[in-house]
Amino acid sequence: AEKHAGVSCVTASMDDIQFEEAARVGQIISIRTKVNRAFKTSMEVGIKVTVQDVLTNAEKIVSVAFATYVAKPVDAGKVELKPVELLSAEDHLEHSLAIERRRIRLGYVQVFQKLMQESNKEGDFYTCEEKDAVSTEHTHVQSTELVLPPHANHHGNTFGGQIMAWMQTVASISASRLCHSHPILKSVNMFKFWGPSFVGDRLVFNAIVNNTFHNSVEVGVRVEAYNCEEWIKDQPRHINSAFLIFNAVNDKGELLTFPRVKP
């Protein structure tokens, strides 16, 4: 993103990320990225992650993801980006698809906001009457992390990937309280950066199971940041939220069934 913009850039959001394969210790990870399209002040960066087994040389796709970046403002003004130079048929295809993904991305936010407004109406709350339903309170997990220099980029901002890794840890513990096994991350949905965090910030992660769907479970994670002054005054900054989907398998590789939950 910075190579294209010529100035410092920050991540604005990530599209939903699906994990097709699990990368394991001893395997080789390859990450390829390129700017697919530059809009007026934002750009889409495509990310392809593959894993290679050193014994068989077999290569499999772990994930294909799309991130939205914006250039850091200069003198309080937004930076307009130059168009992407298209060199191949694949470049032209991704350039065309990027505008459609952007349209879906913006529509997705509007649909979700409308859904939240409708679900907040009085009397429109879900209740589970099943006798053996597990209270979601049992799945609540909280963790606090101090952002140190290795956790941040060259601008002093916390790496988005580091935040996602911490989110996965608390979400995995939350899900494990239902399946009593090691949950496997299948997707990260609606991962959006609402604001930055910096070296020295305390990040508080709250995770809880929202619902189960037979062989899968959705865990919601909210991230709040505090600097020293905010920490004393208990004035958090909401910087991230996401929904993580997990499943779990037994020793035979068979999917485990999650119990119903009671909100």
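These legends describe close-up views of a predicted model.

**View 1. Met 43 and its surroundings in strand β4.** Strand β4 covers residues 42-52, and Met 43 is part of it. Its relative accessibility is 0%, so Met 43 counts as buried. Leaving out residues up to four places away in sequence, Met 43 touches Ala 1, His 4, Ala 5 and Cys 9. Val 35, Arg 37 and Ala 38 are also among its contacts. So are Ala 67, Thr 68, Tyr 69 and Leu 81. Phe 193 sits 150 residues from Met 43 in sequence. In space, the C-alpha atoms of Met 43 and Phe 193 are 15 Å apart.

**View 2. Strand β1 paired with β5.** Strand β1 spans residues 9-14, and β5 spans residues 59-71. The two run antiparallel and are joined by five bridges. Ser 13 has Thr 68 of β5 as its bridge partner. Thr 68 also appears among the contacts of Met 43.

**View 3. Strand β1 paired with β8.** Strand β8 covers residues 184-193. It runs antiparallel to β1, with two bridges between them. Met 14 stands opposite Phe 191 in β8.

**View 4. Helix α3 from end to end.** Helix α3 has 20 residues, numbered 160-179. At 1.5 Å a residue the helix should span 28 Å; the end C-alpha atoms are 28 Å apart, so the two values agree. Buried residues of α3 include Gly 160, Ile 163, Met 164, Trp 166 and Met 167. Val 170, Ala 171, Ser 174 and Ala 175 are buried too, as are Leu 178 and Cys 179. An α-helix has 3.6 residues a turn, so residues three or four places apart point the same way. Just after α3 comes His 180, with a positive phi of about 50°.

**View 5. Asn 57 in the loop between β4 and β5.** Asn 57 is not a glycine, yet it has a positive phi of about 65°. Its relative accessibility is 53%, so Asn 57 counts as exposed. The loop that holds Asn 57 runs between β4 and β5.

**View 6. Asp 234 in the loop between α4 and β11.** Helix α4 covers 228-233, and strand β11 covers 237-247. Asp 234 lies in the loop between them. Its phi is positive, at about 55°, although Asp 234 is not a glycine. Asp 234 has a relative accessible area of 56% and is therefore exposed.

Notes: Residues are numbered from 1 along each chain as its sequence is written. This is a predicted model: local features need pLDDT of at least 70, side-chain atom pairs count only at pLDDT 80 or more; totals for chains, interfaces and linings use all residues. Side-chain values use heavy atoms; hydrogens and water are left out. Helices (H or I, at least four residues) and strands (E, at least two) are DSSP runs, numbered from the N terminus. Buried means under 20% relative accessible area, exposed over 50%, partly exposed in between (1.4 Å probe, protein chains only). Contact means heavy atoms within 4.5 Å. Two strands pair if DSSP finds at least two bridges between them. The expected span of a helix is 1.5 Å times one less than its number of residues.
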